[in-house]
Amino acid sequence: MNQPPSIASAFHRHFGRYRRGTILVAVMILGSLLVAVASGVLAFSVYQTRDRARYEVYKDEFAAAEVALNKAFSQVQFLINFGTPTFFEAMDHIAPPVVAGYSFPNFTVQKTFDGNEEVSSGQWTGLNLYRLRYQIDVTALSEEGNAERFEHAGVSIRENLEITYIPLFIFAIFYDPIMEIAPGPEMQINGLVHANSDAYFQSGNGLDFLKNVTVGGNVFHGRHPDAGESVSNGDVRFSNGLGLSSMRRADGDGWLTSADADWATAAMDRWNGGLRDSTQGVRPLSLPIPAEVDPHAIIERADPANDSYSLKNEKFEYKAGLKIIQASDGTIHAYDQFDSEVSLTYTDPDNPSVTKSIVATKTFYDAREGKNVTSTDVDMANMLESGIVPSNGILYVSSDQSGSHVVRLKNGAELPSPAGTTGLSVATDLPLYIQGDYNTVNKNMAMVAADALYILSNNWDDAKASNYSERKAGNTEVNAVCMQGIVPSEDDNYSGGVENYFRFLEKWTDKEFKFSGSIINMWESQKALGAWHYGSPVYEAPKR
């Protein structure tokens with residue numbers, strides 16, 4: 001029999017329906033919240049992925065921009081080290097590298113300074129030097145991969161570089177090989193000194209450097225191990241900016257050198273930069289020829305078929321406005337810068353019946369080499385009188401003959417100064433002898449470059465050259481930038497050091513050799529190989 005539902009039963013069913021609806025709504029709300037949270041996690045993940053992608057693109061573009069800068073810097077180094085007649089034009093045409101997947105919408109090399117300027121810091125502080133400054137701007141833009149997913153301007157970076165030209169004639173002494181200096185008499189050097197390699201200092205009665213000394217290697221006291229000479233105990237002093245400070249250790253026991261553990265700071269404290277070596281940041285000065293080429297090459301004969309461009313740009317024979325060459329048959333010929341032959345004879349302006357020449361061939365004895373040498377003599381007075389001069393001020397002299405051939409400059413008290421030039425430079429691949437005063441009247445810029453450099457006094461006589469007792473010198477003066485080679489210390493034979501840079505063949509007792517200019521040693525001699533020897537039968541030193 002059917003009965004109406006009870007209240008309890010009705011309530012139960014009603015409540016059950018309400019509960020299921022509430023659960024459904026809750027599930028729907030919870031489901032919505034889950035979707036919302038999932039969407040947020042997805043958005044955050046996308047943001048991280050995009051940010052990571054941007055970073056990777058930025059990093060790769062930065063690397064590409066650095067590649068472009070390094071390429072530009074390498075090209076500048078090449079142009080400086082290997083030379084070019086159109087440096088500024090070449091600088092304007094430096095281009096970015098080709099890097100797969102990248103473009104360089106901005107790549108500029110802009111000159112920001114060109115001229116002489118006093119250096120305010122570093123190794124050359126206080127010097128007025130020729131300087132070039134460039135600003136290189138690069139923008140690298142990635143064009144592949146993640147870079148396509150968003151717009152961006154690329155990465156831009158800038159580098160500033162400076163080129164400073166250090167002319168060698170600003171130094172009183174410049175040595176590319178090892179430098180040794182060990183004078184017996186007291187000696188003062190009033191000029192900048194630089195050694196590209198190691199340097200050995202000592203003295204018998206005092207050695208003072210009044211200007212800064214820089215050493216690209218290490219500083220030592222005493223003799224080179226191969227010199228075979230005794231060590232002297234005379235003082236050696238360097239400038240500290242206010243006065244002179246000794247090389248002796250403070251306790252008097254030995255000498256302060258690069259071998260000391262505290263050298264870097266002790267040397268700076270003592271000399272305030274007046275003496276510095278590689279530990280204080282001094283670096284060798286690079287020469288404008290490839291590093292693997294012996295600097296002697298710049299005075300050697302031109303070899304167009306085999307010389308690199310840099311050598312063609314630096315060799316004196318290529319540059320010469322006048323070349324005087326003794327042919328293999330003994331005849332002497334001259335050529336201008338266009339290789340057209342030039343006559344070396346002229347009519348005496350004071351006596352039209354007399355023909356003069358600016359060259360002659362002579363033979364005399366060289367006691368250091370222990371043999372006779374055949375000389376191409378160039379008479380500078382006749383060159384001045386005749387007007388037969390190098391148009392650009394550069395004279396090159398050599399010989400095609402085999403045997404002991406040399407070059408000698410005579411009567412050079414007054415030198416020719418061709419119009420439009422700043423003086424006279426003479427270069428040869430042979431030993432060079434300067435006889436008598438040189439560049440002492442109406443003094444001008446002058447340079448000599450040779451395999452070796454001898455000084456013969458105003459009193460020199462070829463006829464007495466083989467007799468040591470008769471080779472008595474007279475006071476002599478030379479004013480020039482001098483560039484020559486040396487015979488280095490080896491097998492217990494001393495090189496002679498800076499104090500014997502000039503090679504003498506006379507007894508200079510109580511006579512004076514006066515020199516003003518630069519002492520530059522760039523190479524080892526290849527033709528004048530006689531070792532340094534003091535006293536009979538070679539020479540006695542002058543008052544320097």
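**Exercise 1. How many cavities of 30 Å³ or more does the structure hold?**

Let's go step by step, keeping in mind that this is a predicted model.

- Step 1: The count of cavities of 30 Å³ or more comes to three.
- Step 2: Pick the largest cavity, with its volume of about 60 Å³.
- Step 3: Look at what surrounds the largest cavity. Its lining includes Arg 368, Gln 484, Ile 486, Asn 500 and Tyr 501. Strand 28 (residues 476–486) supplies the largest share of that lining, three residues.
- Step 4: Sort the lining of the largest cavity by class. You get three nonpolar, six polar and two charged residues.

**Exercise 2. Find out how confident the predictor is along the chain, and where you should be careful.**

- Step 1: Begin with the average pLDDT, which is 88 for the chain. A pLDDT of at least 70 is reached by 89% of the residues.
- Step 2: Now look for a weak stretch. Over residues 1–19, pLDDT stays under 50.
- Step 3: Check what that stretch touches. For residues 1–19 the model has one contact beyond four places in sequence.

**Exercise 3. Describe the second largest pocket and what lines it.**

- Step 1: Start with its volume, about 590 Å³ for the second largest pocket.
- Step 2: Of the 23 residues in the lining, Met 187, Gln 188, Phe 515, Ile 519 and Arg 544 are the closest to the pocket's centre.
- Step 3: Ask which elements give two or more residues to this lining. They are strand 4 (171–175), strand 6 (187–189) and strand 30 (513–524). Strand 30 has the largest share, with six residues.
- Step 4: Finish with the classes. The lining of the second largest pocket has 14 nonpolar, four polar and five charged residues.

**Exercise 4. Take the salt bridge between Glu 117 and Arg 133, and say where its partners sit and whether they are buried or exposed.**

Here's the idea behind it: side chains of opposite charge can pair when their charged atoms come close.

- Step 1: See the wider setting. The structure holds 20 salt bridges.
- Step 2: Get the distance. In the bridge between Glu 117 and Arg 133, the closest N and O atoms are 3.0 Å apart.
- Step 3: Place both ends. Glu 117 is in strand 1 (residues 102–118) and Arg 133 is in strand 2 (residues 128–142), so the pair, 16 residues apart, links distant parts of the chain.
- Step 4: Decide on exposure. The partly exposed range runs between 20% and 50% relative accessible area. Glu 117 is partly exposed because its relative accessibility is 23%, and Arg 133 also lands in that class, at 24%.

**Exercise 5. Do the same job for two further salt bridges.**

- Step 1: Try Arg 248 and Asp 235, whose closest N and O atoms are 3.8 Å apart. Arg 248 is in the loop between strand 13 (244–246) and helix 3 (263–271), while Asp 235 is in the loop between strand 11 (219–221) and strand 12 (236–239). The two are 13 residues apart.
- Step 2: Check their exposure. Arg 248 is partly exposed because its relative accessible area is 28%. Asp 235 is partly exposed too, at 24%.
- Step 3: Move on to Lys 356 and Glu 385, which meet at 3.1 Å, N to O. Lys 356 is in strand 19 (residues 355–357) and Glu 385 in helix 6 (residues 380–386), 29 residues apart.
- Step 4: Check exposure again. Lys 356 has 24% relative accessibility, so it counts as partly exposed. Glu 385 is partly exposed at 34%.
- Step 5: Look for shared partners. Salt bridges join Glu 117, Arg 131, Arg 133 and Glu 162 into one network.

**Exercise 6. Are Leu 69 and Asn 382 buried or exposed, and what do they touch?**

- Step 1: Locate Leu 69. You'll find Leu 69 in helix 1 (residues 7–82).
- Step 2: Apply the cut-off for buried, which is under 20%. Leu 69 is buried because its relative accessible area is 7%.
- Step 3: Leaving out residues up to four places away in sequence, Leu 69 touches Ile 136, Val 138, Ile 157 and Glu 159.
- Step 4: Turn to Asn 382, which is in helix 6. At 14% relative accessibility, Asn 382 is buried.
- Step 5: With the same residues up to four places away left out, Asn 382 touches Tyr 346, Lys 356, Ser 357 and Ile 358.

Technical notes:
Residues numbered from 1 in each chain as written. Predicted model: local features only at pLDDT ≥ 70, side-chain atom pairs only at ≥ 80, totals over all residues. Heavy atoms only, no water. pLDDT = per-residue confidence, 0-100. Contact = heavy atoms within 4.5 Å. Salt bridge = Lys/Arg side-chain N within 4 Å of Asp/Glu carboxyl O. Helix = DSSP H or I, 4+ residues; strand = E, 2+ residues; numbered from the N terminus. Buried < 20%, exposed > 50% of the residue type's maximum accessible area, 1.4 Å probe, protein only. 1 Å grid on protein atoms, 1.4 Å probe; cavity = no way out; pocket = protein on both sides within 12 Å on 5 of 7 lines; lining within 4 Å. Points joined across faces, edges and corners; volume = space filled by probe spheres on them. Nonpolar A, V, L, I, M, F, W, Y, C, P; charged D, E, K, R; others polar.
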